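Here are my notes from going through this one. Have the viewer open while you read, and check each point as you go.

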Amino acid sequence: MIPFFNYQALFRDNEEKYIEIIKDVCSRGAFILQEDLENFEKNAAKFINVKHLIGVANGTDAIWLGLKAAGIKKDDEIILPSHTYIASAAAIHFVGAKPVLAECGYDNMLDVNDIEKRITKNTKAIMAVQVNGRCCDMDKIKELADKYNLLLLEDAAQAFGAKYKNSYAGTFGIFGTFSFYPAKLLGCFGDGGALVTNDDEIASKVKLLRDHGRDINGEVIEWGFNSRLDNLQAAILNEKLKTYSNDIKRRREIASRYHAGLKDLAELNLPQAPTTKSDNFDVFQNYELRAKNRDRLKKYLDEAGIKTIIQWAGSPVHSFKNLGFSENILPKTDKFFDECLMLPLNVTLSDSDLDFIIKEINNFYKNK
Ligand SMILES: *Cc1c(COP(=O)(O)O)cnc(C)c1O
(Lines give C-alpha, C1' and ligand atoms only; values in the text may rest on other atoms or scores of the structure.)
Protein backbone atom coordinates (compact mmCIF):
# COMPACT_ATOMS: atom_id res chain seq x y z
CA MET A 1 0.00 0.00 0.00
CA ILE A 2 1.40 3.41 -1.00
CA PRO A 3 -0.37 6.25 0.82
CA PHE A 4 -0.65 9.61 -0.91
CA PHE A 5 1.06 11.27 2.02
CA ASN A 6 2.70 9.93 5.16
CA TYR A 7 2.17 12.36 8.04
CA GLN A 8 3.70 10.10 10.69
CA ALA A 9 6.95 9.87 8.76
CA LEU A 10 7.40 13.65 8.99
CA PHE A 11 8.12 13.23 12.68
CA ARG A 12 9.45 9.67 12.86
CA ASP A 13 12.27 10.18 10.37
CA ASN A 14 14.03 12.65 12.65
CA GLU A 15 12.28 11.96 15.94
CA GLU A 16 15.17 12.37 18.38
CA LYS A 17 16.15 15.74 16.98
CA TYR A 18 12.58 17.05 17.20
CA ILE A 19 12.12 15.85 20.78
CA GLU A 20 15.34 17.65 21.65
CA ILE A 21 14.06 20.88 20.05
CA ILE A 22 10.68 20.66 21.77
CA LYS A 23 12.39 20.09 25.12
CA ASP A 24 14.76 22.99 24.55
CA VAL A 25 12.08 25.50 23.48
CA CYS A 26 9.59 24.48 26.16
CA SER A 27 12.11 24.42 28.98
CA ARG A 28 13.12 27.95 28.02
CA GLY A 29 9.42 28.91 28.08
CA ALA A 30 10.03 30.41 24.66
CA PHE A 31 6.56 30.19 23.16
CA ILE A 32 5.64 33.46 21.46
CA LEU A 33 7.78 35.82 19.32
CA GLN A 34 11.12 34.51 20.58
CA GLU A 35 14.56 34.08 19.08
CA ASP A 36 13.73 30.78 17.34
CA LEU A 37 11.18 32.66 15.24
CA GLU A 38 13.68 35.41 14.47
CA ASN A 39 16.30 32.84 13.48
CA PHE A 40 13.90 31.03 11.21
CA GLU A 41 12.77 34.29 9.62
CA LYS A 42 16.36 35.25 8.93
CA ASN A 43 17.42 31.86 7.57
CA ALA A 44 14.32 31.34 5.43
CA ALA A 45 14.61 34.86 3.98
CA LYS A 46 18.22 34.12 3.07
CA PHE A 47 17.23 30.82 1.46
CA ILE A 48 14.98 32.57 -1.07
CA ASN A 49 17.00 35.75 -1.29
CA VAL A 50 14.40 38.19 0.01
CA LYS A 51 14.81 41.11 2.40
CA HIS A 52 11.98 40.30 4.84
CA LEU A 53 10.24 37.07 5.80
CA ILE A 54 7.60 37.42 8.51
CA GLY A 55 6.19 34.33 10.18
CA VAL A 56 2.41 34.32 10.58
CA ALA A 57 -0.21 31.83 11.73
CA ASN A 58 -0.92 30.22 8.35
CA GLY A 59 -0.74 30.73 4.59
CA THR A 60 -4.24 32.20 4.33
CA ASP A 61 -3.55 34.86 6.95
CA ALA A 62 -0.32 35.68 5.14
CA ILE A 63 -2.31 36.64 2.03
CA TRP A 64 -4.91 38.79 3.73
CA LEU A 65 -2.42 40.51 6.02
CA GLY A 66 -0.41 41.31 2.89
CA LEU A 67 -3.50 42.66 1.14
CA LYS A 68 -4.27 44.86 4.17
CA ALA A 69 -0.71 46.12 4.31
CA ALA A 70 -0.76 46.87 0.56
CA GLY A 71 -3.88 49.00 1.05
CA ILE A 72 -6.34 46.73 -0.79
CA LYS A 73 -9.84 47.71 0.26
CA LYS A 74 -13.55 47.39 -0.33
CA ASP A 75 -14.61 47.01 -3.98
CA ASP A 76 -11.06 46.68 -5.29
CA GLU A 77 -10.74 43.80 -7.75
CA ILE A 78 -7.94 41.27 -7.83
CA ILE A 79 -7.43 38.86 -10.72
CA LEU A 80 -6.34 35.33 -9.82
CA PRO A 81 -6.69 31.88 -11.38
CA SER A 82 -9.71 29.70 -10.64
CA HIS A 83 -7.22 26.82 -10.53
CA THR A 84 -6.24 27.46 -6.91
CA TYR A 85 -7.25 26.70 -3.37
CA ILE A 86 -10.31 28.54 -2.02
CA ALA A 87 -7.97 30.22 0.51
CA SER A 88 -6.50 32.51 -2.19
CA ALA A 89 -9.95 33.92 -2.98
CA ALA A 90 -11.15 33.93 0.65
CA ALA A 91 -8.25 36.16 1.70
CA ILE A 92 -9.32 38.69 -0.93
CA HIS A 93 -12.98 38.44 0.16
CA PHE A 94 -12.10 39.14 3.78
CA VAL A 95 -10.46 42.48 3.02
CA GLY A 96 -13.72 43.42 1.28
CA ALA A 97 -12.25 43.16 -2.20
CA LYS A 98 -13.55 41.10 -5.11
CA PRO A 99 -11.73 38.02 -6.40
CA VAL A 100 -11.98 37.92 -10.22
CA LEU A 101 -11.26 34.46 -11.54
CA ALA A 102 -9.26 33.76 -14.67
CA GLU A 103 -8.61 30.69 -16.81
CA CYS A 104 -6.06 27.94 -16.63
CA GLY A 105 -3.43 28.26 -19.38
CA TYR A 106 -1.43 25.84 -21.55
CA ASP A 107 0.94 25.28 -18.61
CA ASN A 108 -1.98 24.59 -16.21
CA MET A 109 -1.10 27.84 -14.40
CA LEU A 110 -2.81 31.28 -14.49
CA ASP A 111 -3.55 31.87 -18.19
CA VAL A 112 -1.58 34.98 -19.13
CA ASN A 113 -3.81 35.45 -22.19
CA ASP A 114 -6.97 35.62 -20.07
CA ILE A 115 -5.94 38.41 -17.71
CA GLU A 116 -6.22 41.53 -19.85
CA LYS A 117 -9.92 41.17 -20.69
CA ARG A 118 -10.79 40.90 -16.98
CA ILE A 119 -9.19 44.23 -16.08
CA THR A 120 -11.69 46.98 -15.14
CA LYS A 121 -11.36 50.43 -13.59
CA ASN A 122 -11.57 48.75 -10.16
CA THR A 123 -8.75 46.26 -10.77
CA LYS A 124 -5.92 46.84 -8.31
CA ALA A 125 -3.77 43.72 -8.50
CA ILE A 126 -2.91 40.46 -10.22
CA MET A 127 -2.33 37.52 -7.92
CA ALA A 128 -0.15 34.83 -9.47
CA VAL A 129 -0.61 31.46 -7.79
CA GLN A 130 2.49 29.26 -7.99
CA VAL A 131 0.61 25.97 -8.04
CA ASN A 132 2.34 22.62 -7.54
CA GLY A 133 5.75 24.19 -6.86
CA ARG A 134 6.04 25.90 -10.23
CA CYS A 135 6.05 29.58 -11.13
CA CYS A 136 3.67 31.10 -13.67
CA ASP A 137 5.03 32.95 -16.72
CA MET A 138 6.19 35.82 -14.50
CA ASP A 139 7.69 37.93 -17.32
CA LYS A 140 4.34 38.17 -19.03
CA ILE A 141 2.40 38.75 -15.79
CA LYS A 142 4.85 41.47 -14.71
CA GLU A 143 4.53 43.10 -18.10
CA LEU A 144 0.72 43.23 -17.74
CA ALA A 145 0.93 44.55 -14.17
CA ASP A 146 3.30 47.32 -15.32
CA LYS A 147 1.23 48.17 -18.39
CA TYR A 148 -1.98 48.66 -16.36
CA ASN A 149 -0.29 49.99 -13.22
CA LEU A 150 -1.47 47.07 -11.06
CA LEU A 151 0.17 45.53 -8.02
CA LEU A 152 1.68 42.09 -8.49
CA LEU A 153 1.14 39.60 -5.65
CA GLU A 154 2.01 35.93 -5.33
CA ASP A 155 0.30 33.13 -3.47
CA ALA A 156 3.39 30.93 -3.37
CA ALA A 157 1.98 28.63 -0.64
CA GLN A 158 3.08 25.62 -2.70
CA ALA A 159 6.38 26.88 -4.01
CA PHE A 160 9.00 27.61 -1.35
CA GLY A 161 12.32 27.43 -3.21
CA ALA A 162 10.86 27.37 -6.74
CA LYS A 163 12.46 29.73 -9.25
CA TYR A 164 11.71 31.45 -12.53
CA LYS A 165 14.74 32.81 -14.36
CA ASN A 166 16.77 32.79 -11.15
CA SER A 167 14.28 34.70 -9.02
CA TYR A 168 12.51 32.85 -6.25
CA ALA A 169 8.76 32.34 -6.02
CA GLY A 170 7.29 34.94 -3.70
CA THR A 171 9.78 37.67 -4.61
CA PHE A 172 8.42 39.02 -7.93
CA GLY A 173 5.89 41.55 -6.72
CA ILE A 174 4.95 43.70 -3.74
CA PHE A 175 4.64 40.59 -1.54
CA GLY A 176 4.45 36.81 -1.69
CA THR A 177 3.09 34.26 0.76
CA PHE A 178 3.88 30.73 1.91
CA SER A 179 2.14 28.01 3.91
CA PHE A 180 3.92 25.61 6.25
CA TYR A 181 0.90 23.29 6.54
CA PRO A 182 2.28 19.79 7.24
CA ALA A 183 1.76 18.47 3.69
CA LYS A 184 3.45 21.48 2.09
CA LEU A 185 7.05 21.19 0.89
CA LEU A 186 8.37 22.83 4.02
CA GLY A 187 5.81 21.67 6.55
CA CYS A 188 5.65 22.10 10.32
CA PHE A 189 3.73 20.13 12.95
CA GLY A 190 0.58 22.20 12.73
CA ASP A 191 -0.37 25.44 11.01
CA GLY A 192 2.17 28.02 9.92
CA GLY A 193 2.80 30.56 7.19
CA ALA A 194 4.90 33.52 6.12
CA LEU A 195 4.81 36.68 4.09
CA VAL A 196 7.88 37.81 2.15
CA THR A 197 8.65 41.21 0.73
CA ASN A 198 11.50 43.47 -0.31
CA ASP A 199 9.42 46.50 0.69
CA ASP A 200 10.30 47.86 4.15
CA GLU A 201 6.94 49.52 4.60
CA ILE A 202 4.91 46.38 3.84
CA ALA A 203 7.18 44.42 6.19
CA SER A 204 6.71 46.77 9.12
CA LYS A 205 2.95 46.94 8.56
CA VAL A 206 2.61 43.15 8.53
CA LYS A 207 4.69 42.91 11.71
CA LEU A 208 2.24 45.26 13.41
CA LEU A 209 -0.83 43.55 11.95
CA ARG A 210 0.22 40.08 13.12
CA ASP A 211 0.61 41.24 16.75
CA HIS A 212 -2.38 43.39 17.71
CA GLY A 213 -0.94 46.47 16.03
CA ARG A 214 1.80 46.68 18.66
CA ASP A 215 5.34 47.86 18.04
CA ILE A 216 8.37 46.39 19.84
CA ASN A 217 7.70 48.60 22.87
CA GLY A 218 4.15 47.31 23.15
CA GLU A 219 2.63 50.55 21.99
CA VAL A 220 -0.44 50.10 19.80
CA ILE A 221 0.20 51.93 16.53
CA GLU A 222 -2.86 50.77 14.59
CA TRP A 223 -5.65 48.19 14.61
CA GLY A 224 -4.17 44.72 14.40
CA PHE A 225 -4.90 41.02 14.79
CA ASN A 226 -3.27 37.97 16.28
CA SER A 227 -1.56 35.96 13.57
CA ARG A 228 1.83 34.98 14.94
CA LEU A 229 3.83 31.95 13.89
CA ASP A 230 4.38 29.83 17.02
CA ASN A 231 7.95 29.97 18.22
CA LEU A 232 7.96 26.17 18.63
CA GLN A 233 6.85 25.64 15.04
CA ALA A 234 9.51 28.12 13.93
CA ALA A 235 12.15 26.09 15.76
CA ILE A 236 10.99 22.92 13.96
CA LEU A 237 10.96 24.73 10.62
CA ASN A 238 14.44 26.04 11.24
CA GLU A 239 15.65 22.46 11.66
CA LYS A 240 13.82 21.30 8.52
CA LEU A 241 15.28 24.17 6.53
CA LYS A 242 18.79 22.76 7.09
CA THR A 243 18.06 19.78 4.86
CA TYR A 244 15.48 21.43 2.64
CA SER A 245 17.76 21.58 -0.40
CA ASN A 246 18.05 17.79 -0.27
CA ASP A 247 14.25 17.53 -0.15
CA ILE A 248 13.96 19.64 -3.28
CA LYS A 249 16.61 17.54 -5.00
CA ARG A 250 14.75 14.33 -4.12
CA ARG A 251 11.42 15.78 -5.27
CA ARG A 252 12.95 16.65 -8.64
CA GLU A 253 14.44 13.16 -8.89
CA ILE A 254 11.01 11.63 -8.25
CA ALA A 255 9.48 13.85 -10.94
CA SER A 256 12.21 12.79 -13.38
CA ARG A 257 11.56 9.13 -12.62
CA TYR A 258 7.83 9.56 -13.21
CA HIS A 259 8.57 11.41 -16.43
CA ALA A 260 10.89 8.72 -17.77
CA GLY A 261 8.43 5.95 -16.90
CA LEU A 262 5.26 7.62 -18.20
CA LYS A 263 6.33 9.81 -21.10
CA ASP A 264 5.45 7.29 -23.79
CA LEU A 265 1.81 7.02 -22.80
CA ALA A 266 -0.22 9.10 -25.27
CA GLU A 267 -3.15 9.09 -22.83
CA LEU A 268 -1.24 11.25 -20.33
CA ASN A 269 -0.24 14.88 -20.37
CA LEU A 270 2.67 15.21 -17.92
CA PRO A 271 4.07 18.21 -16.09
CA GLN A 272 7.31 19.50 -17.57
CA ALA A 273 10.26 17.34 -16.54
CA PRO A 274 12.88 19.02 -14.37
CA THR A 275 15.69 20.23 -16.58
CA THR A 276 18.44 22.77 -16.10
CA LYS A 277 17.60 24.34 -19.46
CA SER A 278 14.13 25.55 -18.51
CA ASP A 279 13.20 29.06 -17.30
CA ASN A 280 11.41 27.27 -14.46
CA PHE A 281 13.07 25.56 -11.53
CA ASP A 282 10.15 23.53 -10.17
CA VAL A 283 10.14 22.10 -6.66
CA PHE A 284 7.22 19.69 -7.25
CA GLN A 285 4.92 20.27 -4.32
CA ASN A 286 2.77 17.88 -6.35
CA TYR A 287 3.09 15.72 -9.43
CA GLU A 288 -0.12 16.59 -11.16
CA LEU A 289 -0.80 15.13 -14.59
CA ARG A 290 -3.77 15.10 -16.93
CA ALA A 291 -5.13 11.68 -17.82
CA LYS A 292 -7.61 10.15 -20.27
CA ASN A 293 -10.13 8.01 -18.36
CA ARG A 294 -8.95 9.74 -15.20
CA ASP A 295 -11.66 8.35 -12.90
CA ARG A 296 -11.11 4.77 -14.05
CA LEU A 297 -7.35 5.15 -13.70
CA LYS A 298 -7.79 6.48 -10.16
CA LYS A 299 -10.01 3.52 -9.22
CA TYR A 300 -7.59 1.03 -10.79
CA LEU A 301 -4.65 2.48 -8.87
CA ASP A 302 -6.68 2.58 -5.66
CA GLU A 303 -7.38 -1.15 -6.01
CA ALA A 304 -3.66 -1.75 -6.53
CA GLY A 305 -3.01 0.04 -3.20
CA ILE A 306 -1.79 3.30 -4.75
CA LYS A 307 -3.53 6.35 -3.29
CA THR A 308 -3.88 9.34 -5.60
CA ILE A 309 -5.74 12.61 -5.13
CA ILE A 310 -7.82 14.88 -7.32
CA GLN A 311 -6.73 18.29 -6.13
CA TRP A 312 -9.26 20.40 -4.22
CA ALA A 313 -11.81 17.60 -4.52
CA GLY A 314 -12.00 18.26 -8.27
CA SER A 315 -13.55 21.72 -7.84
CA PRO A 316 -12.12 24.95 -9.23
CA VAL A 317 -12.91 28.09 -7.23
CA HIS A 318 -15.54 29.36 -9.72
CA SER A 319 -17.63 26.23 -9.18
CA PHE A 320 -18.59 27.14 -5.60
CA LYS A 321 -22.04 28.52 -6.35
CA ASN A 322 -22.74 29.87 -2.86
CA LEU A 323 -19.84 32.31 -2.98
CA GLY A 324 -21.31 34.54 -5.67
CA PHE A 325 -18.64 34.51 -8.37
CA SER A 326 -19.72 36.06 -11.65
CA GLU A 327 -17.42 33.82 -13.69
CA ASN A 328 -19.48 30.64 -13.78
CA ILE A 329 -18.04 29.02 -16.89
CA LEU A 330 -14.30 28.74 -17.46
CA PRO A 331 -14.07 25.97 -20.08
CA LYS A 332 -10.30 25.44 -19.94
CA THR A 333 -10.32 25.26 -16.16
CA ASP A 334 -13.32 22.91 -16.14
CA LYS A 335 -11.56 20.62 -18.62
CA PHE A 336 -8.42 20.65 -16.51
CA PHE A 337 -10.40 19.54 -13.47
CA ASP A 338 -12.01 16.70 -15.46
CA GLU A 339 -8.57 15.27 -16.24
CA CYS A 340 -6.22 16.15 -13.40
CA LEU A 341 -4.74 13.61 -11.01
CA MET A 342 -1.94 13.85 -8.48
CA LEU A 343 0.40 10.90 -8.01
CA PRO A 344 2.11 10.40 -4.63
CA LEU A 345 5.14 12.68 -4.38
CA ASN A 346 6.97 13.08 -1.11
CA VAL A 347 10.43 12.40 0.21
CA THR A 348 9.34 9.22 2.04
CA LEU A 349 8.73 7.34 -1.25
CA SER A 350 11.34 4.83 -2.37
CA ASP A 351 12.41 4.21 -5.96
CA SER A 352 10.70 0.81 -5.86
CA ASP A 353 7.45 2.49 -4.77
CA LEU A 354 7.77 4.77 -7.80
CA ASP A 355 8.54 1.91 -10.17
CA PHE A 356 5.48 0.05 -8.91
CA ILE A 357 3.27 3.11 -9.52
CA ILE A 358 4.74 3.57 -13.01
CA LYS A 359 4.22 -0.11 -13.85
CA GLU A 360 0.59 -0.07 -12.71
CA ILE A 361 -0.22 3.06 -14.76
CA ASN A 362 1.32 1.45 -17.83
CA ASN A 363 -0.66 -1.74 -17.17
CA PHE A 364 -3.89 0.22 -16.91
CA TYR A 365 -3.52 1.78 -20.35
CA LYS A 366 -2.22 -1.41 -21.97
CA ASN A 367 -5.18 -3.50 -20.80
CA LYS A 368 -7.84 -0.86 -21.15
C1 LIG B 1 -2.15 25.60 1.29
C2 LIG B 1 -2.54 26.73 0.43
C3 LIG B 1 -3.00 27.93 0.97
C4 LIG B 1 -3.37 28.13 2.42
O5 LIG B 1 -2.43 27.81 3.33
P6 LIG B 1 -2.87 27.52 4.86
O7 LIG B 1 -1.57 27.49 5.57
O8 LIG B 1 -3.57 26.20 4.87
O9 LIG B 1 -3.75 28.62 5.30
C10 LIG B 1 -3.24 29.00 0.11
N11 LIG B 1 -3.07 28.87 -1.21
C12 LIG B 1 -2.63 27.73 -1.78
C13 LIG B 1 -2.41 27.68 -3.25
C14 LIG B 1 -2.37 26.61 -0.97
O15 LIG B 1 -1.98 25.48 -1.55
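The points below cover the cavity, some strands and a few salt bridges.

1. First, a reminder: this is a predicted model. Every value below is computed from it, so please read the distances and accessibilities in that light.

2. On internal space, there is little to list. Searching the whole structure turns up one cavity of 30 Å³ or more, and the largest cavity holds about 40 Å³. Its lining consists of Gly105, Tyr106, Asp107, Leu110, Asp111, Val112, Asn113 and Asp137. Sorted by class, that lining comes to three nonpolar, two polar and three charged residues.

3. Next, look at strands β2 and β3. Strand β2 (residues 77-81) runs parallel to β3, and five bridges join the two. If you want one pair to click on, isoleucine 78 has proline 99 of β3 as its bridge partner. Helix α5 (residues 86-93) belongs here as well: together with β2 and β3 it makes a right-handed β-α-β unit. As for cover, β3 (residues 98-102) has four of its five residues buried.

4. There is also an open sheet of three strands, in the order β7-β6-β11 and with antiparallel pairing. Which strands sit at its edges? They are β7 (167-168) and β11 (280-281), each of which pairs on one side only. Strand β6 (residues 163-164) pairs with β7 over two bridges, in the antiparallel sense. In one of these, lysine 163 is partnered by tyrosine 168 in β7.

5. Now the charges. The whole structure has 28 salt bridges, and I picked out three of them to look at. One joins arginine 214 to aspartate 211, with the closest N and O atoms 3.0 Å apart. Is the arginine of this pair buried or partly exposed? Arginine 214 counts as partly exposed, because its relative accessibility is 33%. Aspartate 211 has a relative accessibility of 8%, so this residue counts as buried.

6. Another salt bridge sits within a single helix. Lysine 242 and glutamate 239 both belong to helix α8 (residues 231-242), where they are three residues apart, about one turn of the helix. Their side chains meet at 2.9 Å, N to O. The two ends of the pair fall into separate classes: lysine 242 counts as exposed because its relative accessibility is 63%, while glutamate 239, at 12%, counts as buried.

7. The one I'd spend time on is the salt bridge between aspartate 351 and arginine 250, whose closest N and O atoms are 2.9 Å apart. This pair links distant parts of the chain: aspartate 351 is in helix α12 (residues 351-367) and arginine 250 in helix α9 (residues 244-262), 101 residues apart. Why does arginine 250 count as buried? Its relative accessible area is 17%, and the cut-off for buried is under 20%. Aspartate 351, at 33% relative accessibility, counts as partly exposed. The pair is also part of a wider set: salt bridges with shared partners join Arg250, Glu253, Arg257, Asp351 and Asp355 into one network.

Terms used:
Residues numbered from 1 in each chain as written. Predicted model: local features only at pLDDT ≥ 70, side-chain atom pairs only at ≥ 80, totals over all residues. Heavy atoms only, no water. 1 Å grid on protein atoms, 1.4 Å probe; cavity = no way out; pocket = protein on both sides within 12 Å on 5 of 7 lines; lining within 4 Å. Points joined across faces, edges and corners; volume = space filled by probe spheres on them. Nonpolar A, V, L, I, M, F, W, Y, C, P; charged D, E, K, R; others polar. Buried < 20%, exposed > 50% of the residue type's maximum accessible area, 1.4 Å probe, protein only. Pairing = 2+ DSSP bridges. Right-handed = clockwise from strand over helix to strand, strands pointing away. Salt bridge = Lys/Arg side-chain N within 4 Å of Asp/Glu carboxyl O.
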